[in-house]
Amino acid sequence: MARTILTAAEARRIALAAQGFGDRGFGDRGLGGDRASPVDRRRLTRLVERLGVIQIDSVNVVSRTHYLPAFSRLGAYPRELLEEIAWGRKRPLFEYWAHEASLLPLSTQPLLRWRMDDAREGVGVWKGIGRFLRERRDFVDRALGEIAARGPLAASELDLGHRGEGGWWGWSEGKRALEGLFWAGELTTATRRGTFERVYGLPDKVLPRAVRETPTPPRDVAQRGLLDIAARALGVATERDLRDYFRMGVADTRSRLHEMVEAGALVPVAVKGWREPAFLHPAARRPRRIEAAALLSPFDNLIWFRERTERMFGVRVRLEIYTPAEKRTHGYYVLPFLEDDAITARVDLKADRKAGALLVQSAHAEPWATPETPARLAHELKRMAGWLGLERVEVKPRGDLAERLGAERLGAERLGATL
């Protein structure tokens, strides 16, 4: 059978639609299209379910990254709503190591139990964790016993072990024990508090009974389930794209993709300009055009796999937080600007909460930026400032787009009840 051939532009539009960008967003009612309508718990949960996973990160230069994908797709929404569905009572989400540290729908928990087993046994990348859990089992059991007796605890509340040096980011032995138990599925996140500190609890006390009592699927079934989630969220993707979404191994991914193609769960396609073959999800929409304007977290699902981002949009996105200032190209915490189906600009942002300003520390245009790019970007910056509770946007004179962006009216819009 002849393989379907897609143009690069078609593939890009398919990917953007799958990620929730464009007029219609997801499905007939739309998730990302009507950004003016209120975002409630159900709509936000539905977005996370469609994306499959939201990466968590503690960097708070603008906003912690897990708040940003929903803003990029739905517009201003109450930030406490994400906290409610992630860490509140009757939450529909849970935390685990999926792409990186991640928020996921509860329905995904059984699909990740094989990974928890690998961590417990020290298989592959989990070798060091498994060894620690084995060799320090008495100590680990003491940590587990503390939480069983006292209820959910943060690592700082455990009076066990001493501050570590080196390995595992210099964590204390108590923290290493709790994280090892977390990765092995013997603990889960009960909540977050203070400066985003994880509070650990027993799964029996935190996860709903319906989830705990769901039978554990065989490893191959679970892996196909994860790849299906990834394929739906990406629309069209190479093997490497799909593997990266949940950080799966090469051999497992190849075996599962072969099985999914044989079953008709994925359609092999070729994309012009892509060196590797690709797979199209049968439910993927194929829009003729995409209308979107969004600032993207550097950890956004759309761009987190840098190889795919460069292949899809022709831009090289780097996280320059750990790059010395004099060697940075675009800035410290850079958000690409999605304009319709292209990334047309990048802005280095910082929320100066004391001064009430969203600082644009630099602004750079891509060669294909349009005459409308400064105005559309300014509108999204004002929207973001208002959502963050900031009064204005200030543009520093750095970057080839700064002058044109600074010429736009940039007093932040107040967003009433959405703050």
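Arg192 lies in strand S6 (residues 188-193), where strands are DSSP runs of E with at least two residues and helices are runs of H or I with at least four, both numbered from the N terminus. The model is predicted, so local features need pLDDT of at least 70 and side-chain atom pairs count only at pLDDT 80 or more, whereas totals for chains, interfaces and linings use all residues. Residues are numbered from 1 along each chain as its sequence is written, and side-chain values use heavy atoms, with hydrogens and water left out.

With a relative accessible area of 17%, Arg192 is buried, a term that means under 20% (1.4 Å probe, protein chains only), with over 50% being exposed and the range in between partly exposed. The side chain of Arg192 takes part in the polar contacts below, each being a pair of N or O atoms within 3.5 Å, one able to donate a hydrogen and the other to accept it, where residues adjacent in sequence count only if both atoms are side-chain atoms.

| Partner of the Arg192 side chain | Distance |
|---|---|
| Glu95, side chain | 2.9 Å |
| Phe196, backbone oxygen | 3.0 Å |

Leaving aside neighbours within four places in sequence, Arg192 is in contact (heavy atoms within 4.5 Å) with Ile56, Trp87, Glu95, Glu197 and Arg198.

Elsewhere, the largest nonpolar core, a set of buried Ala, Val, Leu, Ile, Met, Phe, Trp, Tyr and Cys residues joined through side-chain atoms within 4.5 Å, has 104 residues, of which Phe246, Val347, Leu381 and Met384 touch the most other members. Helix H11 (residues 219-234) gives the most to this core, with eight residues. A second, separate core of 26 residues includes Phe21, Val236, Leu280 and Ala284.
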